[in-house]
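Open the structure in your viewer and keep the selection tool at hand. The tour moves from one selection to the next.

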Amino acid sequence: MELLQLQYFLAVARLEHMTEAARSLHVTQSSLSKTIQRLEEDLGVPLFDRTGRRLRLNEFGSRFLRRAERALFELKQGKQEMRDLSGLEHSTLELAVTTASTLPNILRAFRKKMPDIQFHVQMLATQEMVTLLHRGEVDFCLSSPPIEGEDIECQIVCVDPILVAVPKGHRLAERTGVSLTELRDEWFVGVKRGYGTRDLVDSVCNSVGFAPKYVYEGDEPARLSALVEAEIGIAFIPGTARNSRENIRYLQVEDHELVREIALIWHRNRYISRAASEFRKVVVDYFGTNPE
């Protein structure tokens, strides 16, 4: 069995389409098809159910996929460990976040300590992050809510209160606190479903008898402050994302402990390079000195 066969199999298994997989791998479809066929002959079982060019993993394929992902994961970790041991630290730290409000300050602190290390950050919904974790494609995730799993390590680094942001001229602007039921008839701006804060807020509001009415749903949390200031709607905004704009007022939620937990997350079996270890220290130190 060849390494190339495993890499090709993973691409086909994830896309379940021979043409699209060949395009992503930059190989011809016939070459890819022959490689998969040789792998199946080597294993003695078919890995896919085929309908034209569309493929679907069968039971054999699903079981083999888990093994193949684990094998390639270990090889990738070995490569990273050898690079680390040989002192080739000019590599890239792979990061994924569901919460980006604290990230600029964290990355600034990390760059001061390790200026030669590059980083690549992806803003993802929770399920997308879980997928990358299991594939071993990220060093660390900064997530709210925390993620649990058999192969996942999770360290809570911050408990962040969620506030209600209203524009300066709003009927509640002179208040310091508000109950959730008082927001029943308000219009909201927020992020899309799948982001931790949105899902948490919707759940708590539903528990008191109403569903927030959204006039805007996006995937850029930083844009919400501008929309509130423009009086498009009010918003639930975590304390760590509070903006210093003069035309926004922030109210505490009085009748519920509405908080989000921010966690640093990594794959239990992923090799932790010196750069990754230093990043973890930076995150813990940042929240230790910046609790909100």
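What follows is a list of stops, each with something to select and a note on what is there.

This is a predicted model, in which local features need pLDDT of at least 70 and side-chain atom pairs count only at pLDDT 80 or more, while totals for chains, interfaces and linings use all residues. Residues are numbered from 1 along each chain as its sequence is written, and side-chain values use heavy atoms, with hydrogens and water left out.

**Stop 1: strand 12**

Select residues 259–267, which form strand 12. Helices (H or I, at least four residues) and strands (E, at least two) are DSSP runs, numbered from the N terminus. Seven of the nine residues of strand 12 are buried, so the strand is largely enclosed by the rest of the structure. Buried means under 20% relative accessible area, exposed over 50%, and partly exposed in between, with a 1.4 Å probe and protein chains only.

Add residues 152–167, strand 6, which pairs with strand 12 in the antiparallel sense over nine bridges. Two strands pair if DSSP finds at least two bridges between them. Within this pairing, look for P161, whose bridge partner in strand 12 is V259. Then add strand 5, residues 140–143, which is antiparallel to strand 12 and joined to it by three bridges. Here C141 has I265 as its bridge partner.

**Stop 2: the cavity beside strand 5**Which residues line the largest cavity? Select L95, A96, V97, L103, F140, C141, L142, L264 and F279. Strand 3 (92–97) and strand 5 each give two or more residues to this lining. By class, the lining has nine nonpolar residues, no polar and no charged. Ala, Val, Leu, Ile, Met, Phe, Trp, Tyr, Cys and Pro count as nonpolar, Asp, Glu, Lys and Arg as charged, and the others, Gly among them, as polar.

The space in the largest cavity is about 30 Å³. On a 1 Å grid over the protein atoms alone, a cavity is a set of points where a 1.4 Å probe fits but cannot get out, and a pocket is an open set with protein on both sides within 12 Å along at least five of seven lines; lining residues have an atom within 4 Å of a point. Grid points are joined across faces, edges and corners, and a volume is the space filled by probe spheres set on the points.

**Stop 3: the largest pocket**

The largest pocket has a volume of about 480 Å³. Select P221, A222, L224, P238 and A241, which are the closest to its centre of the 27 lining residues. Elements that give two or more residues to the lining are strand 8 (187–191), helix 7 (196–207), helix 8 (224–229) and strand 10 (235–238). The lining of the largest pocket holds 14 nonpolar, ten polar and three charged residues.

**Stop 4: the second largest pocket**

Next comes a pocket of about 330 Å³, the second largest. Of its 14 lining residues, select R66, E69, R70, H134 and D151, the closest to the centre. Helix 4 (59–85) is one of the elements that give two or more residues to this lining, and its six residues are the largest share. The lining of the second largest pocket has three nonpolar, four polar and seven charged residues.

**Stop 5: backbone details**

Most residues other than glycine have a negative phi, and most peptide bonds are trans. Select S144 and P145: the peptide bond between them is cis, with omega near 10 degrees. P145 is in the loop between strand 5 and strand 6.

Finish at H26, where phi is positive, near 60 degrees. H26 lies in the loop between helix 2 (18–25) and helix 3 (29–43), and counts as exposed at 73% relative accessibility.
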